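Biologist: Could you take a close look at one helix for me and tell me what surrounds it? I would like to follow along with the structure open.

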Amino acid sequence: MVSKRIIRILFVAFLFSGTMGVYLANALQPPAIQIALVDEKGRPLTEISKNVEVQVQIDALVPTREVYRTIFYGTLDKPSPLKFWDSGNTVRIPLSDEKLQSVLKEWGKDYPGGIGSSLMISVWVLDHENRKLYRGFAVVNYNTAEVSEGLKKTVKIDIHRLPSSPLTSNTKSGDVTPLGSNRQFYYWKTDWSLSWGPSNYSNYVEVPVLIVDNKYSASGLINAWMDISQSYYTRFGLTIAYGYKISEKDTPSLDIYGNDFYTIENKFYFSRSLLLGPNEKGYIYINATPYHLHQKEYYCTASINNCVPTGEERIQEGVNDIDTSGNEILGGSKSGLPDPPIMNWIYSGIDMKYATALGVGDSKSLALLVSDASASCSADFGIGIPIGALAVALSGGAVPPWAAGLSAGIYYTSSSSLDVYGGIQNYGEWNGVGQDVSEYIYLGTSTYTYHVGTCDTQVPVGIYIESN
């Protein structure tokens, strides 16, 4: 009879060999992007019930007309007991993958030293035990040069943030692949007939980031400015809006998320200012390629060529490239307001809110103006880019009017919640221009309510400032 001591020795040896096997297997694997997907409580998505599968689509941002390139589509299944080395919740994309390499090559053309870019992760959690379908999304950021050493991240996806759906009975019949099988699967696809982006124009667009209207003759001389410092990483935010059949509605209900995600990050710098007398207007702009993507969810059988829309739709608004010279963002300032079609849609998408009064000689930062006009978390959103208004004005009717209030932010990475850098000052009378009077400052904020961090608020669009 085998003694207990020998059994213990054999058991320890088994565990050791298993551990060493896992270690060696991982050590010998080539560099890869490895993303472990867990829910908001930290549980692997494959462990939320006894019978579950997770379908995953990963789209990589590219600085080209297509905006996103799908680099992964597949499933995560609950591992069998024999596969103890596989947690079942990790997506692995080898660095040698052709699609991934094509993305890195695109970024390397303009940013050989690397730039912070992003992956859009969409998941569908098929809980067969409870007959429910959960949707989720997240954005993973990475540096295009540093990723050559591989990337490992654990990503939390709140699968209860978006509404769940009943799970149909015929969704488990084989391996998922968009290239062919008997499996039913879900997929997000951009509808370019409802979108606007780099495919609609060949050059960079002048994107207004600060617009000031010193409206009345009885006003002081106003100075307004915007600064982006190379001492910090500047992020170009991504706004994501979800809704049901929003393409069929004149005023759809939108569930909008901003500030938690960004498309591009780098140590940029930029500085411009405006000096405006009574009845004068001006704006500061940057040259960039903004996009407004209208995406639809499809339910597919066998391939992406055999799909039907589910009715779930989403909007993505962001920037996928910046016109730069070295690390300097190229742009400028102009007198007057942006072109009337653009300005009219900016007006359509904002509410004017009182922010503060500036006495002669007083000044205030843009961050505090945003906070005063809306809420402190609105400053976390940053400087609003009026992408929605640009898209409605310049898309030739493809983007509907309700998109005019959508905006994406520009902000710094810092420990402070005041991430908008710039300000406005009232000089009063100066060299015979203007009068020594207080200025009442109003700020244009989106007509929509956004989820920004832990609060819901209206965010700046522009920023558009009226002084009177």
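Modeller: Happy to! Let's start with a crossing that is right-handed, that of α3 and α6. Please keep in mind that this is a predicted model. Helix α3 covers residues 340-348 and helix α6 covers residues 387-394; their axes come within 8 Å and cross at roughly 130°. That angle makes α3 oblique to α6, because angles over 115 and up to 145 degrees are neither roughly perpendicular nor roughly antiparallel.

Which residues make the contact? From α3 they are Pro 341, Ile 342, Trp 345 and Ile 346, and from α6 they are Ala 389, Leu 390, Val 392, Ala 393 and Leu 394. Sorted by character, the residues of this contact are 9 nonpolar, with no polar and no charged ones.

Now stay with α6 itself. This helix is mostly covered, with 6 of its 8 residues buried. The buried ones are Ile 387, Gly 388, Ala 389, Leu 390, Ala 391 and Val 392. Ala 389, Leu 390 and Val 392 thus appear both in the contact with α3 and among the buried residues.

What do the buried residues of α6 pack against? Besides α3, their partners are the strands β10 (205-214), β17 (280-301), β18 (307-322), β24 (383-385) and β25 (408-412). Just past the end of α6, Gly 396 has a positive phi of about 70°.

Two of those strands lead to one more feature. Cys 300 and Cys 307 are joined in a disulfide, with sulfur atoms 2.1 Å apart, and a search of the whole structure finds 1 disulfide. The link is right-handed, with 105° about the S-S bond. Cys 300 counts as buried because its relative accessibility is 0%, whereas Cys 307, at 23%, counts as partly exposed.

Key
Residues are numbered from 1 along each chain as its sequence is written. This is a predicted model: local features need pLDDT of at least 70, side-chain atom pairs count only at pLDDT 80 or more; totals for chains, interfaces and linings use all residues. Side-chain values use heavy atoms; hydrogens and water are left out. Axes are lines fitted to C-alpha atoms, for helices over the stretch in contact, and angles run from 0 to 180 degrees between N-to-C directions. Helices (H or I, at least four residues) and strands (E, at least two) are DSSP runs, numbered from the N terminus. Angles under 35 degrees count as roughly parallel, over 145 as roughly antiparallel, 65 to 115 as roughly perpendicular and the rest as oblique. A crossing is left-handed if the near helix is turned anticlockwise from the far one by less than a right angle, and right-handed if clockwise. Contact means heavy atoms within 4.5 Å. Ala, Val, Leu, Ile, Met, Phe, Trp, Tyr, Cys and Pro count as nonpolar, Asp, Glu, Lys and Arg as charged, and the others, Gly among them, as polar. Buried means under 20% relative accessible area, exposed over 50%, partly exposed in between (1.4 Å probe, protein chains only). A disulfide is a pair of cysteine sulfur atoms within 2.5 Å.
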